[in-house]
Amino acid sequence: MKKIEITSYKLMRVLVLFDLPVETKQEIRQYTHFRKFLLDDGFIMIQYSIYMRFCRNTVDADKHIARIRQLSPQKGNIRILCVTEKQYENMILIIGEKSP
């Protein structure tokens, strides 16, 4: 008998928060490559160094997280946060005046 895998279809968002060094030309190239990878993988920038992607379920999110692990630069910090669509909708946005 074939085993059927049940996948949760809970809509979610994957947030990637990163702080990468950009002091040398090599570090700038790695930063640029990582940022371009995120954009090509369907992430959108919601704030400097914070990118977000919509995912259908945890399997989909895990696939994108695995890609980030493979392509992450050696130096710097990368944090990944997965939240449900409901949690994301409860985000509070406070917009101040634009800095000069």
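A nonpolar core, as I will use the term, is a set of buried residues of the kinds Ala, Val, Leu, Ile, Met, Phe, Trp, Tyr and Cys that are joined through side-chain atoms within 4.5 Å. Please keep in mind throughout that what you see above is a predicted model, and that I will be describing values computed from it.

Let me begin, then, with the core. The largest nonpolar core has 14 residues, and those with the most contacts inside it are Val14, Val16, Phe18, Phe34, Leu38, Phe43 and Ile68. Which elements supply at least two residues each of this core? They are the strands E1 and E3 together with the helices H1 and H2, where H2 covers residues 58-71. The largest share, four residues, comes from E1.

Strand E1 also gives us a contact to look at across the chain. The C-alpha atoms of Val16 and Ile80 are separated by 4.6 Å, although these two residues are 64 residues apart along the chain. Ile80 is found in strand E4, which covers residues 77-84, and with a relative accessible area of 32% Ile80 is partly exposed.

From here I would like to move to the aromatic rings, and a word on how to read them may help. A pair of aromatic rings is described by the distance of the centres and the angle of the planes. In this model the count comes to four aromatic pairs. Take Phe18 and Tyr51: the centres of their rings are 5.7 Å apart and their planes stand at 25 degrees, so this pair is stacked, given that planes under 30 degrees apart count as stacked. The pair links distant parts of the chain, since Phe18 sits in strand E1 (residues 12-19) and Tyr51 in strand E3 (residues 50-55), 33 residues apart. Are these two residues buried or exposed? Phe18 counts as buried at 5% relative accessibility, and Tyr51 counts as buried at 0%.

A further pair is formed by Phe34 and Phe37, and this one is tilted, with 6.4 Å from centre to centre and 40 degrees between the planes. Because Phe34 and Phe37 are three residues apart in helix H1 (residues 25-40), they are separated by about one helical turn. Both Phe34 and Phe37 are buried. If we now put the ring pairs together, they link Phe18, Tyr31, Phe34, Phe37 and Tyr51 into a cluster.

Tyr31, from that cluster, brings us to the empty space in the model. Rolling a probe the size of a water molecule over the atoms shows where empty space is left. How many cavities of 30 Å³ or more does a search of the whole structure find? The search finds one, and about 30 Å³ of space lies in the largest cavity. Its lining is made by Leu20, Pro21, Glu27, Gln30, Tyr31, Pro73 and Lys75, and these lining residues divide into four nonpolar, one polar and two charged.

Next come the cysteines. Why are Cys55 and Cys82 not joined in a disulfide? The sulfur of Cys55 is 7.2 Å from the closest cysteine sulfur, which is in Cys82, and that is too far for a bond, because a disulfide needs sulfur atoms within 2.5 Å. For the whole model the count comes to zero disulfides. The surroundings of the two residues can be given as well: Cys55 is buried, with a relative accessible area of 0%, whereas Cys82 is partly exposed, with a relative accessible area of 34%.

Let me turn to the backbone for a moment, where Ser49 deserves a look. Ser49 has a positive phi of about 60 degrees although it is not a glycine. This residue is found in the loop between strand E2 (44-47) and E3, and it is partly exposed, with a relative accessible area of 22%.

I will end with two distances that you can follow on the structure. Gln70, which lies in helix H2 and counts as exposed at 67% relative accessibility, is 24 residues from Ile46 in sequence and 23 Å from Ile46 in space, C-alpha to C-alpha. Phe18, whose ring we met earlier in the stacked pair with Tyr51, is 73 residues from Met91 in sequence and 19 Å from Met91 in space, again C-alpha to C-alpha.

Conventions:
Residues numbered from 1 in each chain as written. Predicted model: local features only at pLDDT ≥ 70, side-chain atom pairs only at ≥ 80, totals over all residues. Heavy atoms only, no water. 1 Å grid on protein atoms, 1.4 Å probe; cavity = no way out; pocket = protein on both sides within 12 Å on 5 of 7 lines; lining within 4 Å. Points joined across faces, edges and corners; volume = space filled by probe spheres on them. Nonpolar A, V, L, I, M, F, W, Y, C, P; charged D, E, K, R; others polar. Buried < 20%, exposed > 50% of the residue type's maximum accessible area, 1.4 Å probe, protein only. Phe/Tyr/Trp six-rings, centres within 6.5 Å; stacked < 30°, edge-to-face > 60°.
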